[in-house]
Amino acid sequence: KAKTPIRDSIAEIMLFAKQLQFKPNTIIDVGVNTGTPGLFEFFPDAKLLMIDPISENEPFMQYISSLYDDAYYDVCAASTNKGELTMSVFPSYGGSAVIEVVGRQMKSVDRKVPACRIDDLVEKYGATGPFVIKVDTEGGEMDVLGGAVKTLEQTEILILETRVRPYLNAPVLLDVTDKLRAWGFLP
């Protein structure tokens with residue numbers, strides 16, 4: 001009896017998409033931190049757009065950009081609206097979250113960061129679909145996607161980290177899947 005392989009990593013998902021002959025024009029990584037292994041490697045000809053609000057993560061985005069011909073990054077918090085947000089920044093930078101969306105975390109320091117919209121960055125860099133979007137923003141995923149309404153219309157693969165139990169003000173899995181269904185996505 002044939003067993004369906006489990007695809008539980010980003011690399012396995014992207015390899016599976018490649019095996020199905022899917023070819024994205026643009027891959028968007030929101031919440032880059034030190035990098036997202038497996039997200040870019042299978043599609044070296046795709047445009048890469050990286051977005052992360054923590055300035056200490058900029059060297060990682062610079063390095064990743066140096067590996068690809070058509071890669072760009074912005075140091076900003078992807079959000080529904082442009083402007084400025086307050087981040088609750090962890091000492092290790094990973095796990096940092098937008099206070100206005102998720103809430104303040106213990107052992108963190110508040111920091112103002114610029115806020116940007118994915119739709120605006122797609123236009124700025126001349127990115128085209130089909131898109132793959134990965135979002136890992138510690139509970140701010142729905143706020144991020146609120147600034148990507150036009151981009152989502154051409155998005156074929158959407159990879160989101162989401163919560164299965166309550167955490168500060170972050171939406172839980174069922175709330176996320178309801179919103180995604182309204183936007184035409186199925187988990």
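Which residues lie nearest the centre of the second largest pocket? Keep that in mind while you get set up. You're looking at a predicted model, where local features need pLDDT of at least 70 and side-chain atom pairs count only at pLDDT 80 or more, while totals for chains, interfaces and linings use all residues. Residues are numbered from 1 along each chain as its sequence is written, and side-chain values use heavy atoms, with hydrogens and water left out.

**Stop one: the second largest pocket**

Select Leu158, Ile159, Leu180, Leu186 and Pro187: of the 13 lining residues, these lie nearest the centre. A pocket here is an open set of points on a 1 Å grid over the protein atoms alone, where a 1.4 Å probe fits, with protein on both sides within 12 Å along at least five of seven lines; lining residues have an atom within 4 Å of a point. Now colour S9 and helix H6 (173-182), the elements that give two or more residues to this lining. S9 brings the largest share, five residues. (Helices, H or I, have at least four residues and strands, E, at least two; both are DSSP runs numbered from the N terminus.) The space comes to about 370 Å³, a volume being the space filled by probe spheres set on the points, which are joined across faces, edges and corners.

**Stop two: the largest pocket**

Next, pick Val30, Gly31, Asp136, Thr137 and Glu138, which lie nearest the centre of the largest pocket among its 37 lining residues. Its volume is about 430 Å³. Elements giving two or more residues to this lining include strand S8 (131-135), helix H4 (141-146) and strand S9 (155-160).

**Stop three: the disulfide**

Show Cys76 and Cys116 as sticks: a disulfide joins them, S to S 2.0 Å. The cut-off for such a pair of cysteine sulfur atoms is within 2.5 Å, and a search of the whole structure finds one. Cys76 sits in the loop between strand S3 (71-74) and strand S4 (77-78), while Cys116 is in strand S7 (residues 109-116), 40 residues apart. Turn the link around and you'll see it is right-handed, with 65° about the S-S bond. Cys76 is buried at 4% relative accessible area, and Cys116 is buried too, at 9%; buried means under 20%, with a 1.4 Å probe and protein chains only.

**Last stop: the sheet**

Stay with S7 and bring in its neighbours: four strands form an open, mixed sheet in the order S4-S7-S5-S6. S4 and S6 are the edge strands, each pairing on one side only. Two strands pair if DSSP finds at least two bridges between them; S4 and S7 have two and run parallel. To finish, click Ala77, which stands opposite Ala115 in S7.

Note on methods:
Buried < 20%, exposed > 50% of the residue type's maximum accessible area, 1.4 Å probe, protein only.
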